[in-house]
Structure formats: structure tokens, C-alpha cells
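Here are my notes on the model you sent, set out as numbered points. Please read them with the structure open.

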Amino acid sequence: MKMSYFRAFLWQVVMGCLLSFTLQAQTKTVSGTGRGLQGRINNNYVIGLRWMPVGDTTTANSSATNYYLNAWMRYRANGYTIERRRKNSTTIERTVTILPDSAALSALALSSTSSIESEASDLLYGALYEPIELDSGQVNGQAIRIEQGTTADEQYQRYTLTALGAEMSFRAAQLAGLGWIDSTVSFGIHYEYRIREAGISEADTAVRSFVISAQAVPPTLVLVYPPRAKGGNKEAMVEWRWRDSNNATISNYYKAFSSYFVEKAPLVSPIVYTRVNTKPLFPFSDLTDTLSYRIPLDTNGVNYYVKIVGRTPFDEEINSAPTSVKGVEPIPYYSIRFDSTHRSANNQVYLHWVFPADTVDAQAQSKIRGFILRQSSDFQTFQSVTSGAFLSASTRQFTLNNVTQSRYYMISAVTVNRDTIHSVPVFVDLPDDTPPAKPRGLLATWQDSTKTIKVTWSPNTETDLLGYKLLHASLPNEEPSVLADSITTTTYIDTLIKMDNRKAYYYLVAYDKRYNHSEISDRIELKKPDKIAPARPVFSNYGLTASGSVSLSWVNSASIDVASYRLTRKPKGNTGVGSIIKSWTVAQAAETYMDSSTQVTSYTYYIQAIDSTNNMSADSIDVEVLTVMKSKPSLDSLVGVADTLFKQVALRWVYDATGVVEFQLLKAEGTSEQLSSWKIVDSFARTIFDDKVALGKTYRYAIRAVFSDGTMSNWKEITVAINP
């Protein structure tokens with residue numbers, strides 16, 4: 001058995017050069033799918049099938065190696081049963097079982113013909129049947145060793161090489177039991193093929209099978225993407241696309257072709273192509289969407305046609321459109337340089353360069369496509385002055401107008417074979433006494449987690465900006481000192497801040513490459529982080545007035561950073577937060593309050609002081625006041641009349657007390673529902689109609705009077721039934 005090709009690829013597997021995911025994607029080995037080819041031979045339509053097992057359907061999406069290894073080893077031993085039925089039909093109309101044909105595979109591998117089929121059969125036979133010999137070698141100069149045995153790693157290598165061999169040749173895949181041609185189909189009929197492990201029960205078939213759908217019509221073959229070629233010295237670099245996830249058309253190449261050949265032909269009649277590579281080129285890596293191959297050319301200056309031949313997993317070969325290329329004589333290395341540069345008083349820069357071809361090699365002039373003048377302000381990124389357009393090959397000078405800053409300049413000569421020769425950059429210095437703009441957007445924030453101050457600002461837009469200086473002071477009238485003088489970003493973390501004072505002050509200055517300094521920025525102030533609550537206020541006096549109002553007096557907080565106060569009241573026994581009845585700033589200096597909006601109950605009052613950073617004092621010591629108010633008489637009468645015709649209730653009452661400002665009414669449906677607020681009417685009202693009622697229901701109403709001094713009468717209640 002000739003095993004050189006097999007061993008070579010096995011070494012590459014060990015080195016990680018073959019990616020099993022790429023092979024699986026190429027051969028459509030995801031469980032539940034496969035490759036289907038529809039073709040016609042001698043006017044008889046056939047359907048060809050290609051597959052590679054990756055595991056049971058229920059575990060196909062798992063990345064665990066043993067799933068597809070175990071499935072592959074079972075299929076390899078037991079064979080494959082193929083069942084055919086028409087789409088949307090449950091009747092199986094043909095069943096065949098196939099096994100790998102080791103004898104035919106070995107015979108093709110041993111054949112004297114050096115072909116892809118022979119090489120693929122050699123690879124498949126070795127992966128399926130040959131013991132792996134203990135061997136070692138080198139790949140890319142690195143020593144490797146093939147392990148012997150039946151480990152999962154070895155089976156993984158064999159599985160990967162089986163997928164590769166089947167992808168190389170459909171004929172070899174058929175002999176390995178991984179491909180089949182159905183020649184008993186009818187034109188235009190859509191078929192479904194279920195491929196399952198032979199000899200298993202019907203119950204296991206559901207998870208140990210996959211389905212390929214195909215129609216008996218001539219296939220639509222995709223053309224290979226045309227190559228690009230760049231000529232060199234008796235050679236050409238050929239590059240073509242094999243995939244592009246962002247381009248639907250190019251992505252079809254990835255689906256259609258598993259390997260490629262490169263062919264060339266001189267542009268003489270008749271045009272006869274010769275194949276450059278004897279072994280197929282596979283897109284093993286997902287890191288690039290292109291393939292490239294360097295081909296030899298017999299003579300420079302002679303045009304050649306180059307084309308790509310795409311090979312499908314069913315052994316069809318499809319040609320790309322040809323691309324012309326020719327070898328180019330190498331240009332001897334010449335140095336290009338500026339021989340003079342100067343600037344004028346009106347901001348013009350004159351550049352002149354020399355190319356030794358003018359005096360050393362007269363023929364070199366014809367080998368230059370042109371020149372590109374580039375400039376840079378930082379000696380790192382050079383950009384074309386002419387937007388990439390070539391200056392003619394005879395040009396030796398260029399003038400730039402309205403130049404406002406010093407820059408580096410470089411001239412590049414581009415040869416006819418697209419090589420580039422660069423000059424040494426030169427620096428043209430311009431006078432500059434214009435400072436950067438005054439920095440803006442300065443902001444300082446306290447970082448509580450790190451106990452530092454983060455200072456940020458808006459970036460200056462000057463092209464010659466070099467950096468910033470950050471200045472700091474502890475007092476508003478203090479002369480600031482430099483905190484950092486070589487800042488190149490728009491953020492600075494002050495880790496050395498001393499917060500002895502309650503505030504810190506920051507300033508910023510920008511400077512350019514000529515060390516022109518900007519105007520100092522506006523000052524920003526940062527207040528010292530404050531987590532200490534102010535002292536609580538203290539009640540000094542409280543009591544009831546003759547009118548029933550609550551009189552409160554207190555002493556404000558002794559803390560100097562208090563910004564505001566708030567007075568809270570809640571009924572005695574209430575565990576909630578209470579209601580804020582008054583808020584005021586420290587400037588209002590309130591120390592008394594008269595609470596007249598009270599009812600007959602006991603209230604708890606407390607005061608809180610709040611500083612400028614929203615720290616809140618503890619509650620003042622609570623005071624409790626029992627409020628008493630003069631009783632007001634209830635309504636003289638309240639009558640409710642149900643009108644079943646108009647479905648409404650009329651409420652009428654009599655009340656002659658003076659000082660009434662409004663009447664409040666409550667309503668509830670039924671006899672057990674709690675009364676809730678319903679209406680408020682003015683003091684002149686004595687009748688109200690309720691049309692939001694229903695027949696057969698009972699309603700309860702209550703009413704009381706509210707007086708101008710805030711007192712209220714007792715509730716008067718009535719029940720009204722709406723009888724149908």
C-alpha cells in the first residue's frame with residue numbers, strides 16, 4: 001500500500017493543519033442533511049448522494065467528539081441502508097444497503113495511475129483499514145510523532161482523513177460507502193432519501209438517520225469566481241475567492257466546490273491549458289475567504305491566461321473565466337530621495353526629488369508607473385497628498401499651498417509590477433506661534449470605590465496638539481500648581497488628592513508640538529465627599545391653641561452645612577413614614593409652625609435637617625399632641641329617593657350652619673363595602689343626582705360639611721335600594 005499521501009495528510013492533522021469543522025461544513029455532514037446531485041447520463045436521469053455521519057440526530061449539535069466518532073465507527077462496521085420515497089409520501093419505494101468495498105478501494109489505491117481517485121482511495125483505505133505505523137517526521141520544520149493504538153485521538157484523525165478522502169473523489173467515496181448513485185429515478189420527481197445505520201430497529205432509526213432531499217432534474221452548476229493575478233519575475237501570484245459570508249453569490253462557491261486546480265496557457269493559438277498543481281488545493285482554514293497559489297511562468301513579458309478549475313464533491317470540474325498576466329523583469333533597487341525642500345513666506349512648500357534612474361539606468365524610467373507624495377504630522381501614518389492618484393513618471397517636483405503646520409513628507413515610486421520604493425521622510429518646518437484653543441468641558445467626579453477623582457474634558461481638535469497640563473488648587477484664590485504635564489488623553493485619575501479642605505479646584509492647559517500654550521481653562525470645583533449627617537433639630541415648645549391648632553417651636557440644627565429642613569406629621573401608632581407638612585431652606589430660618597389642618601386625634605411630629613449632599617439627620621425627638629376641635633352639628637336631614645324610570649338616585653339635605661365652604665360625599669355599593677370618596681360640591685348645593693346606579697342594587701351614601709376654619713361636621717349616612 002503506497003501510504004505517502006496518507007501519512008503526509010495525517011501529519012498535517014496532528015499539527016492542526018486540517019480543521020474538522022471546515023471539512024464537515026464542506027461535505028454537509030450535519031446530521032439531518034447531506035449533499036444531493038441531480039444529473040443526466042445518456043438521457044437517463046440519475047441522483048447522486050454524498051454524506052458523512054456526524055452522530056445521532058439528538059446529539060448532532062453537541063461538540064463532544066465521541067458522538068460523531070461512535071456514529072462513524074458503527075456505520076463503518078454495519079453499513080448504510082438507503083430508503084427512497086417521494087416527497088410528502090410515507091411509502092418507501094426502494095431500499096438498498098451498501099458497505100465499504102475494501103477490495104475495490106485497495107485496487108484503486110494500488111493502481112499505477114497517479115490521479116486524484118487513486119490518491120483519495122489510498123487515503124481512505126489507510127484511514128479505514130490500515131494500522132497506523134509508529135512513525136515520526138517533520139512538518140514545516142517541526143518534529144511530530146504519530147501515536148499508535150485505538151485511542152479517541154487516533155479515531156478522530158482517521159475520521160477527519162476519511163472526510164477529506166471522500167471530499168477529494170466521489171468515485172473513492174462510493175467505494176468507501178459514503179456515496180451512491182440512484183439511476184432508477186424519473187425526471188422532475190422530488191425524492192427524499194433516508195440514510196440510516198443498517199441492521200438497527202425502526203425505533204432507533206428516528207435518531208440514527210438523516211434525510212437528503214433531491215429532485216431528478218439537471219443541476220445548476222455555479223461558475224468558479226474568476227481569479228486575480230499579479231506578475232512577478234517569471235512567476236505570478238494567483239488569488240481567488242472561495243467564500244464570502246456577506247455576499248450571497250460568492251457564498252455559493254463555498255457550497256459548490258470542495259477543492260481547486262490552477263491551469264495556465266500562453267496566449268498563442270491554439271490556447272492549450274496545462275494544470276499547474278497535481279494535488280488539489282483545499283480551503284482548510286476559516287481565517288481567510290481567499291485562496292492563493294504561486295505559478296511559474298516560462299518567460300517574462302509574455303501574456304498568459306490563468307484560470308481556476310473548481311472540483312465538486314461529485315467529481316465535476318467547473319472552469320472560471322480566464323485572467324491574463326505576464327511576468328515582469330525585476331527592477332534593480334534604486335534609492336529615491338528629496339534633494340531640496342523649502343517654504344515661502346506665503347505658506348507654500350516646494351519639494352524636489354531625484355531618482356538615480358535619471359543618470360544610472362535610462363531603462364528604469366520606463367519601469368516606473370508614477371510617484372505618490374505622502375505626508376504625516378506624527379511620523380507614523382502617512383497619507384497621500386493627491387488622494388492616491390499617481391504623479392507622472394517624469395515628475396520631479398510638487399508645490400503645496402496653504403500649508404499651516406510642520407509635517408513629514410515622503411515620495412514613493414510605484415513600478416509597473418506594483419512594487420513600491422519609498423524615500424527617507426524629510427521634515428519641513430514651519431513657524432508656528434498659534435496656541436491651541438482654550439480647553440473646554442472640564443469635569444471632575446469623585447470615585448467612591450477607589451477614593452480618587454476622575455477628571456475628564458472635551459478633546460482639542462488641533463492637528464499639531466501635543467498634550468495637556470492639569471493644574472490643581474485647594475482654595476479658590478490659591479495659585480494652582482501643575483498636577484500632571486504630559487497628558488495625551490482626555491482623562492486623568494487624581495490618586496494623590498488630599499481632602500483636608502472641603503473643596504478641590506482644577507484647571508487645564510493645552511499645548512502643541514511647538515509648546516505654544518493655550519489659555520487656561522475655566523476653573524471647576526469639586527466638593528469634598530460628605531457622608532456625615534447634620535445634627536438633628538430639637539423641639540423647644542409645643543401645644544394646642546384656643547382654636548384647636550397645634551403650635552410648634554424648635555431649635556434648628558447646629559451643623560453649618562444644612563441646606564434645608566422638613567417637618568413631618570403622622571397619626572399616633574402609624575408605622576409609616578408620615579406626611580411632610582412643611583419644607584423650607586436654611587435661608588428661610590423658620591423655627592415655628594402652626595398646624596391648623598388637624599382632626600380630633602393624637603399626632604406625632606418630628607423635624608429632619610438635610611445638608612447640601614442630601615445627608616439627612618436623625619429624626620428630632622418626637623412630640624405628641626392630642627388635638628381637640630369644637631364639634632360642628634350634623635346635617636339637619638338627608639333623604640335619598642330612587643328613580644327606577646331614569647335609573648338614578650336623588651339625594652337632598654338640609655343644613656343651615658354658617659361658615660360652610662363645601663360638602664364632601666362618600667359612596668359605597670352594598671351594605672358591606674367601605675365608603676369611599678365620591679363627590680365634593682359647593683356650600684350652596686342641597687341636591688345631587690347619582691346616575692351611576694343599577695336596578696336591583698343597594699347603595700350607601702354619607703355627607704358632611706367643611707367649614708372655613710378647617711373644621712368639619714359629623715357624617716350623615718343613608719341607604720337607598722333601587723328596586724325594579
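1. Which residue of β25 is the bridge partner of Y408? The partner is F427. This is a predicted model, and the pairing belongs to an antiparallel arrangement in which β23 and strand β25 (residues 426-428) are joined over three bridges.

2. Strand β23 also pairs with other strands. Strand β20 (residues 368-376) runs antiparallel to β23 and is joined to it by eight bridges; within this pairing, I368 is matched with T415 of β23. Strand β24 (residues 420-422) is likewise antiparallel to β23, with three bridges between the two. There, S412 stands opposite H422 of β24.

3. Is β23 enclosed or open to the outside? Of its nine residues (407-415), eight are buried, so the strand is largely enclosed by the rest of the structure.

4. A separate point concerns an open sheet of three strands, ordered β26-β27-β30 and paired in the antiparallel sense. β26 (443-447) and β30 (491-494) are the edge strands; each has a single partner, so one side of each has no neighbour in the sheet. From one strand to the next, the twist averages 20 degrees. Strand β27 (residues 452-456) is joined to β30 by four bridges, and T456 has T491 of β30 as its bridge partner.

5. The salt-bridge count comes to 25. In one of them, the side chains of E93 and R84 meet at 3.0 Å, N to O. The two ends differ in exposure: E93 is partly exposed, with a relative accessible area of 36%, whereas R84 is buried at 7%. As background, side chains of opposite charge can pair when their charged atoms come close.

6. Another salt bridge joins K307 and E263, whose closest N and O atoms are 3.6 Å apart. K307 is in strand β15 (residues 303-311) and E263 in strand β12 (residues 259-266), so the pair ties together parts 44 residues apart in sequence. Both K307 and E263 are buried. These two residues also belong to a network of salt bridges that links E117, E263, R275, K307, R311, D315 and E317.

7. R700 and E717 form a salt bridge too, with 3.3 Å between the closest N and O atoms. R700 lies in strand β45 (residues 698-707) and E717 in strand β46 (residues 716-721), 17 residues apart, and the pair links distant parts of the chain. R700 counts as buried, at 12% relative accessibility; E717 is partly exposed, at 48%.

8. On helix α3 (residues 65-78), I looked at M73. M73 has 33% relative accessibility and so counts as partly exposed. The C-alpha atoms of M73 and Q155 are separated by 8.7 Å, while the two residues are 82 residues apart along the chain.

9. How many of the residues reach a pLDDT of 70 or more? The share is 80%, and the mean pLDDT of the protein is 79. Among the elements, strand β13 (residues 274-275) has the highest mean pLDDT, 94, and helix α2 (residues 20-27) the lowest, 25.

10. Two stretches should be marked in any figure. Over residues 1-34 pLDDT stays under 50, and the model has 110 contacts beyond four places in sequence for them. Over residues 134-149 pLDDT also stays under 50, with 33 such contacts in the model.

Definitions and conventions. Residues are numbered from 1 along each chain as its sequence is written. Side-chain values use heavy atoms; hydrogens and water are left out. Buried means under 20% relative accessible area, exposed over 50%, partly exposed in between (1.4 Å probe, protein chains only). Two strands pair if DSSP finds at least two bridges between them. Axes are lines fitted to C-alpha atoms, for helices over the stretch in contact, and angles run from 0 to 180 degrees between N-to-C directions. pLDDT is the predictor's confidence in each residue, from 0 to 100. Contact means heavy atoms within 4.5 Å. A salt bridge is a side-chain nitrogen of Lys or Arg within 4 Å of a carboxyl oxygen of Asp or Glu.
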